[in-house]
Amino acid sequence: MSDRLSVLKTYKLYVGGKFPRSESGRVYEVTDAKGNWRANAPLASRKDARDAVVAARKAFGGWSGATAYNRGQILYRTAEMLEGRRDQFTAEVADAEGLSRAKAAAQVDAAIDRWVWYAGWSDKVAQIAGSANPVAGPYFNLSAPEPTGVVAVLAPQDSSFLGLVSVIAPAIVTGNTAVVVASERAPLPALSLAEVLATSDLPGGVVNLLSGRTAELAAPLAAHQDVNAIDLTGAGAELAGELETAAADNLKRVLRPRAADWTADPGTERLLAFLETKTVWHPMGV
(Lines give C-alpha, C1' and ligand atoms only; values in the text may rest on other atoms or scores of the structure.)
Protein backbone atom coordinates (compact mmCIF):
# COMPACT_ATOMS: atom_id res chain seq x y z
CA MET A 1 0.00 0.00 0.00
CA SER A 2 1.32 3.42 -0.93
CA ASP A 3 1.75 5.99 1.87
CA ARG A 4 1.89 8.84 -0.64
CA LEU A 5 -0.43 11.76 0.09
CA SER A 6 -3.03 12.60 -2.53
CA VAL A 7 -2.52 15.88 -4.37
CA LEU A 8 -5.97 17.42 -4.30
CA LYS A 9 -6.90 19.80 -7.07
CA THR A 10 -7.48 23.46 -6.29
CA TYR A 11 -10.30 24.79 -8.47
CA LYS A 12 -10.32 28.48 -9.34
CA LEU A 13 -12.33 30.94 -11.37
CA TYR A 14 -11.27 31.88 -14.89
CA VAL A 15 -11.39 35.61 -15.57
CA GLY A 16 -9.46 37.54 -18.20
CA GLY A 17 -7.28 34.55 -19.04
CA LYS A 18 -6.15 34.19 -15.41
CA PHE A 19 -7.15 31.89 -12.56
CA PRO A 20 -8.09 34.01 -9.53
CA ARG A 21 -9.71 32.84 -6.35
CA SER A 22 -13.00 34.52 -5.53
CA GLU A 23 -12.32 38.04 -4.28
CA SER A 24 -14.46 37.17 -1.25
CA GLY A 25 -12.29 34.18 -0.39
CA ARG A 26 -15.41 32.02 -0.13
CA VAL A 27 -15.75 28.42 -1.28
CA TYR A 28 -18.54 25.87 -1.24
CA GLU A 29 -18.53 22.11 -1.09
CA VAL A 30 -19.19 20.19 -4.30
CA THR A 31 -20.40 16.61 -3.99
CA ASP A 32 -20.81 13.85 -6.53
CA ALA A 33 -24.17 12.40 -7.51
CA LYS A 34 -24.10 10.16 -4.40
CA GLY A 35 -23.44 13.02 -2.02
CA ASN A 36 -19.74 12.33 -1.48
CA TRP A 37 -17.43 15.34 -1.16
CA ARG A 38 -15.37 15.96 -4.30
CA ALA A 39 -13.85 19.43 -3.96
CA ASN A 40 -14.22 22.97 -2.71
CA ALA A 41 -15.25 25.27 -5.57
CA PRO A 42 -14.86 29.05 -5.53
CA LEU A 43 -18.02 30.84 -4.46
CA ALA A 44 -17.84 33.80 -6.82
CA SER A 45 -19.20 37.16 -5.71
CA ARG A 46 -20.94 40.02 -7.47
CA LYS A 47 -17.54 41.72 -7.67
CA ASP A 48 -16.18 38.69 -9.52
CA ALA A 49 -19.10 38.93 -11.94
CA ARG A 50 -18.36 42.61 -12.59
CA ASP A 51 -14.66 41.87 -13.09
CA ALA A 52 -15.60 39.18 -15.62
CA VAL A 53 -17.71 41.67 -17.59
CA VAL A 54 -14.78 44.10 -17.70
CA ALA A 55 -12.52 41.31 -19.00
CA ALA A 56 -15.08 40.25 -21.60
CA ARG A 57 -15.52 43.80 -22.87
CA LYS A 58 -11.76 44.30 -23.11
CA ALA A 59 -11.43 41.12 -25.20
CA PHE A 60 -14.39 41.85 -27.47
CA GLY A 61 -12.63 44.13 -29.95
CA GLY A 62 -9.83 41.73 -30.75
CA TRP A 63 -12.03 38.63 -30.83
CA SER A 64 -14.81 40.12 -32.97
CA GLY A 65 -12.17 41.61 -35.26
CA ALA A 66 -10.42 38.28 -35.81
CA THR A 67 -11.17 36.48 -39.05
CA ALA A 68 -13.94 33.92 -38.94
CA TYR A 69 -11.44 31.31 -40.11
CA ASN A 70 -9.16 32.09 -37.18
CA ARG A 71 -12.00 31.76 -34.67
CA GLY A 72 -12.87 28.41 -36.20
CA GLN A 73 -9.27 27.26 -35.87
CA ILE A 74 -9.24 28.16 -32.17
CA LEU A 75 -12.47 26.29 -31.48
CA TYR A 76 -11.05 23.28 -33.29
CA ARG A 77 -7.91 23.55 -31.18
CA THR A 78 -10.12 23.39 -28.09
CA ALA A 79 -11.55 20.11 -29.36
CA GLU A 80 -8.02 18.80 -29.88
CA MET A 81 -7.05 19.67 -26.32
CA LEU A 82 -10.19 18.05 -24.93
CA GLU A 83 -9.48 14.89 -26.87
CA GLY A 84 -6.16 14.62 -25.05
CA ARG A 85 -7.88 14.98 -21.66
CA ARG A 86 -10.85 12.77 -22.46
CA ASP A 87 -10.33 10.41 -19.51
CA GLN A 88 -10.22 13.27 -17.00
CA PHE A 89 -13.48 14.76 -18.24
CA THR A 90 -15.14 11.36 -18.44
CA ALA A 91 -14.38 10.80 -14.76
CA GLU A 92 -15.60 14.27 -13.77
CA VAL A 93 -18.85 13.96 -15.74
CA ALA A 94 -19.49 10.48 -14.34
CA ASP A 95 -19.09 11.82 -10.79
CA ALA A 96 -21.09 14.97 -11.38
CA GLU A 97 -24.07 13.37 -13.10
CA GLY A 98 -24.07 9.87 -11.65
CA LEU A 99 -23.49 8.26 -15.05
CA SER A 100 -21.74 5.03 -15.92
CA ARG A 101 -18.27 5.35 -17.36
CA ALA A 102 -19.59 4.50 -20.85
CA LYS A 103 -22.41 7.05 -20.73
CA ALA A 104 -20.11 9.74 -19.38
CA ALA A 105 -17.61 9.02 -22.16
CA ALA A 106 -20.40 9.39 -24.71
CA GLN A 107 -21.26 12.81 -23.24
CA VAL A 108 -17.63 13.92 -23.44
CA ASP A 109 -17.28 12.64 -27.02
CA ALA A 110 -20.43 14.53 -27.99
CA ALA A 111 -19.06 17.71 -26.38
CA ILE A 112 -15.78 17.39 -28.30
CA ASP A 113 -17.70 16.84 -31.53
CA ARG A 114 -19.82 19.91 -30.77
CA TRP A 115 -16.73 22.13 -30.59
CA VAL A 116 -15.74 20.81 -34.02
CA TRP A 117 -19.27 21.30 -35.38
CA TYR A 118 -19.43 24.95 -34.31
CA ALA A 119 -15.86 25.54 -35.48
CA GLY A 120 -16.99 24.57 -38.96
CA TRP A 121 -19.74 27.21 -38.88
CA SER A 122 -17.36 30.10 -38.15
CA ASP A 123 -16.88 31.15 -41.79
CA LYS A 124 -20.27 29.95 -43.03
CA VAL A 125 -22.78 31.61 -40.73
CA ALA A 126 -22.63 34.84 -42.75
CA GLN A 127 -24.04 32.97 -45.73
CA ILE A 128 -27.22 32.02 -43.86
CA ALA A 129 -27.58 35.18 -41.76
CA GLY A 130 -26.63 37.72 -44.44
CA SER A 131 -27.99 38.54 -47.86
CA ALA A 132 -27.94 40.81 -50.89
CA ASN A 133 -31.36 42.46 -50.71
CA PRO A 134 -33.47 43.32 -53.78
CA VAL A 135 -34.24 47.05 -53.77
CA ALA A 136 -35.96 49.33 -56.26
CA GLY A 137 -33.24 51.76 -57.23
CA PRO A 138 -29.63 52.05 -58.39
CA TYR A 139 -28.22 50.71 -55.14
CA PHE A 140 -26.51 47.69 -53.69
CA ASN A 141 -28.21 46.73 -50.44
CA LEU A 142 -26.26 44.18 -48.37
CA SER A 143 -27.02 42.76 -44.93
CA ALA A 144 -24.31 41.09 -42.84
CA PRO A 145 -24.33 39.60 -39.32
CA GLU A 146 -22.27 41.11 -36.52
CA PRO A 147 -21.75 39.88 -32.94
CA THR A 148 -23.96 41.39 -30.27
CA GLY A 149 -21.15 41.95 -27.75
CA VAL A 150 -20.77 40.64 -24.21
CA VAL A 151 -23.09 37.72 -23.50
CA ALA A 152 -23.89 36.45 -20.00
CA VAL A 153 -24.53 32.72 -20.10
CA LEU A 154 -26.21 30.71 -17.34
CA ALA A 155 -25.07 27.17 -18.05
CA PRO A 156 -27.64 24.37 -17.79
CA GLN A 157 -27.95 22.75 -14.39
CA ASP A 158 -28.73 19.29 -15.76
CA SER A 159 -25.78 18.81 -18.13
CA SER A 160 -22.47 19.76 -16.56
CA PHE A 161 -20.36 19.39 -19.71
CA LEU A 162 -22.23 18.69 -22.95
CA GLY A 163 -24.85 21.31 -22.10
CA LEU A 164 -22.12 23.72 -21.02
CA VAL A 165 -20.26 23.39 -24.33
CA SER A 166 -23.55 23.67 -26.22
CA VAL A 167 -24.19 27.16 -24.83
CA ILE A 168 -20.62 28.51 -24.88
CA ALA A 169 -19.45 27.49 -28.37
CA PRO A 170 -22.25 29.10 -30.43
CA ALA A 171 -21.97 32.36 -28.48
CA ILE A 172 -18.24 32.83 -29.07
CA VAL A 173 -17.76 31.39 -32.56
CA THR A 174 -19.63 34.36 -34.05
CA GLY A 175 -17.38 36.90 -32.29
CA ASN A 176 -19.13 37.49 -28.97
CA THR A 177 -17.34 37.26 -25.64
CA ALA A 178 -18.95 35.47 -22.71
CA VAL A 179 -19.31 35.50 -18.94
CA VAL A 180 -20.43 32.00 -18.02
CA VAL A 181 -21.99 30.92 -14.72
CA ALA A 182 -21.33 27.20 -14.34
CA SER A 183 -23.85 24.68 -13.06
CA GLU A 184 -24.25 25.44 -9.36
CA ARG A 185 -24.53 21.78 -8.39
CA ALA A 186 -21.83 20.41 -10.69
CA PRO A 187 -19.28 23.13 -11.57
CA LEU A 188 -16.12 21.02 -11.71
CA PRO A 189 -16.23 20.06 -15.44
CA ALA A 190 -16.67 23.77 -16.26
CA LEU A 191 -13.74 24.81 -14.09
CA SER A 192 -11.59 22.11 -15.71
CA LEU A 193 -12.71 23.31 -19.15
CA ALA A 194 -11.17 26.68 -18.25
CA GLU A 195 -7.76 25.01 -18.14
CA VAL A 196 -8.32 23.69 -21.67
CA LEU A 197 -9.44 27.09 -22.96
CA ALA A 198 -6.37 28.73 -21.44
CA THR A 199 -4.08 26.44 -23.44
CA SER A 200 -5.99 26.37 -26.73
CA ASP A 201 -5.03 29.80 -28.15
CA LEU A 202 -8.31 31.40 -27.03
CA PRO A 203 -7.47 35.01 -26.09
CA GLY A 204 -7.90 35.84 -22.41
CA GLY A 205 -11.29 37.32 -21.60
CA VAL A 206 -13.20 35.72 -24.49
CA VAL A 207 -14.66 33.18 -22.07
CA ASN A 208 -14.82 33.90 -18.35
CA LEU A 209 -16.03 31.12 -16.06
CA LEU A 210 -17.58 31.66 -12.64
CA SER A 211 -18.84 29.13 -10.12
CA GLY A 212 -21.17 29.74 -7.21
CA ARG A 213 -24.81 30.55 -6.59
CA THR A 214 -26.57 31.06 -9.90
CA ALA A 215 -29.12 33.54 -8.54
CA GLU A 216 -26.45 35.61 -6.77
CA LEU A 217 -24.30 35.94 -9.89
CA ALA A 218 -27.09 36.23 -12.45
CA ALA A 219 -28.71 39.27 -10.86
CA PRO A 220 -25.80 41.70 -11.39
CA LEU A 221 -25.13 40.28 -14.85
CA ALA A 222 -28.74 40.79 -15.96
CA ALA A 223 -28.72 44.39 -14.69
CA HIS A 224 -25.20 45.27 -15.87
CA GLN A 225 -25.29 48.05 -18.43
CA ASP A 226 -22.28 46.69 -20.32
CA VAL A 227 -23.79 43.23 -20.87
CA ASN A 228 -25.50 43.10 -24.25
CA ALA A 229 -27.30 39.78 -24.06
CA ILE A 230 -28.14 37.02 -21.61
CA ASP A 231 -28.80 33.32 -22.07
CA LEU A 232 -31.16 32.19 -19.28
CA THR A 233 -30.82 28.45 -19.94
CA GLY A 234 -29.66 27.63 -16.41
CA ALA A 235 -32.30 29.71 -14.62
CA GLY A 236 -35.54 28.34 -13.19
CA ALA A 237 -38.83 29.87 -14.27
CA GLU A 238 -39.14 32.32 -11.35
CA LEU A 239 -35.53 33.49 -11.54
CA ALA A 240 -35.72 33.78 -15.33
CA GLY A 241 -38.67 36.16 -15.03
CA GLU A 242 -36.80 38.40 -12.60
CA LEU A 243 -33.69 38.42 -14.77
CA GLU A 244 -35.63 39.22 -17.92
CA THR A 245 -37.15 42.25 -16.18
CA ALA A 246 -33.69 43.41 -15.07
CA ALA A 247 -32.32 42.87 -18.59
CA ALA A 248 -34.95 45.20 -20.04
CA ASP A 249 -33.22 48.23 -18.52
CA ASN A 250 -30.75 48.38 -21.39
CA LEU A 251 -32.64 46.30 -23.96
CA LYS A 252 -30.49 43.20 -23.73
CA ARG A 253 -31.12 40.33 -26.07
CA VAL A 254 -32.64 37.53 -23.99
CA LEU A 255 -32.62 33.83 -24.81
CA ARG A 256 -35.34 32.30 -22.65
CA PRO A 257 -34.88 28.94 -20.93
CA ARG A 258 -36.64 25.84 -22.16
CA ALA A 259 -36.19 22.09 -22.00
CA ALA A 260 -33.41 20.85 -24.27
CA ASP A 261 -32.08 17.52 -25.42
CA TRP A 262 -28.36 18.27 -25.47
CA THR A 263 -27.61 15.12 -27.44
CA ALA A 264 -29.82 16.21 -30.36
CA ASP A 265 -28.66 18.04 -33.48
CA PRO A 266 -28.08 21.60 -32.19
CA GLY A 267 -29.24 23.33 -35.36
CA THR A 268 -28.44 27.00 -35.90
CA GLU A 269 -30.76 28.68 -33.39
CA ARG A 270 -28.10 29.36 -30.76
CA LEU A 271 -25.64 30.31 -33.47
CA LEU A 272 -27.97 33.10 -34.62
CA ALA A 273 -29.33 34.13 -31.22
CA PHE A 274 -26.62 36.68 -30.44
CA LEU A 275 -26.07 38.28 -33.83
CA GLU A 276 -27.11 41.72 -35.03
CA THR A 277 -27.73 42.59 -38.67
CA LYS A 278 -25.91 45.51 -40.28
CA THR A 279 -27.34 46.70 -43.60
CA VAL A 280 -25.29 48.82 -46.00
CA TRP A 281 -26.61 50.82 -48.96
CA HIS A 282 -24.17 51.71 -51.72
CA PRO A 283 -24.89 53.49 -55.00
CA MET A 284 -24.12 51.53 -58.13
CA GLY A 285 -21.31 52.88 -60.29
CA VAL A 286 -19.67 54.87 -57.49
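# A walk around the model

Start by selecting helix H9, residues 237–247, and colour Leu 239, Ala 240, Leu 243 and Ala 247: these are the buried residues of the helix. Now turn the view until you look straight down the axis of H9. The buried residues fall within an arc of 100°, so they line one face of the helix. On the other side of H9 you'll find Ala 237, Glu 238 and Thr 245, which are exposed. Keep in mind as you go that this is a predicted model.

What sits over the buried face? Show strand S5 (150–154), helix H8 (214–223), strand S8 (229–231) and strand S9 (253–255); they are among what covers the buried residues of H9.

**Into the cores**

Next, pick out Trp 115, Ile 168, Ile 172 and Leu 193. They belong to the largest nonpolar core, which has 51 residues, and these four touch the most other members. Add helix H6, residues 162–173, to the selection: it brings nine residues, the largest share of this core.

Zoom in on Ile 172 for a moment. Which residues is Ile 172 in contact with, leaving aside its neighbours within four places in sequence? Light up Trp 63, Arg 71, Leu 75 and Trp 115, then Ala 178, Leu 202, Val 206 and Val 207, and you have the list.

There is also a second, separate core, made of 26 residues; select Ala 152, Val 179, Leu 217 and Ala 222 to see some of its members.

**Two pockets to visit**

Switch on a surface and head for the largest pocket, which holds about 310 Å³ of space. Its lining counts 20 residues, and Lys 9, Tyr 11, Arg 38, Ala 39 and Leu 188 are the closest to its centre. Then colour strand S1 (27–31), strand S2 (37–42), helix H3 (86–97) and helix H7 (188–198), each of which supplies at least two lining residues. Which of them gives the most? That's H3, with five residues. Colour the lining by class and you get 11 nonpolar, four polar and five charged residues.

Last stop: the second largest pocket, with a volume of about 250 Å³. Select Ala 260, Trp 262, Pro 266, Glu 269 and Arg 270, which lie nearest its centre among the 15 residues of the lining. Helix H4 (101–121) and helix H10 (269–273) each supply at least two residues here. By class, this lining has six nonpolar, two polar and seven charged residues.

Conventions: Residues are numbered from 1 along each chain as its sequence is written. This is a predicted model: local features need pLDDT of at least 70, side-chain atom pairs count only at pLDDT 80 or more; totals for chains, interfaces and linings use all residues. Side-chain values use heavy atoms; hydrogens and water are left out. On a 1 Å grid over the protein atoms alone, a cavity is a set of points where a 1.4 Å probe fits but cannot get out, and a pocket is an open set with protein on both sides within 12 Å along at least five of seven lines; lining residues have an atom within 4 Å of a point. Grid points are joined across faces, edges and corners, and a volume is the space filled by probe spheres set on the points. Helices (H or I, at least four residues) and strands (E, at least two) are DSSP runs, numbered from the N terminus. Ala, Val, Leu, Ile, Met, Phe, Trp, Tyr, Cys and Pro count as nonpolar, Asp, Glu, Lys and Arg as charged, and the others, Gly among them, as polar. A nonpolar core is a set of buried Ala, Val, Leu, Ile, Met, Phe, Trp, Tyr and Cys residues joined through side-chain atoms within 4.5 Å. Buried means under 20% relative accessible area, exposed over 50%, partly exposed in between (1.4 Å probe, protein chains only). Contact means heavy atoms within 4.5 Å. The arc is that of the directions from the helix axis to the C-beta atoms.
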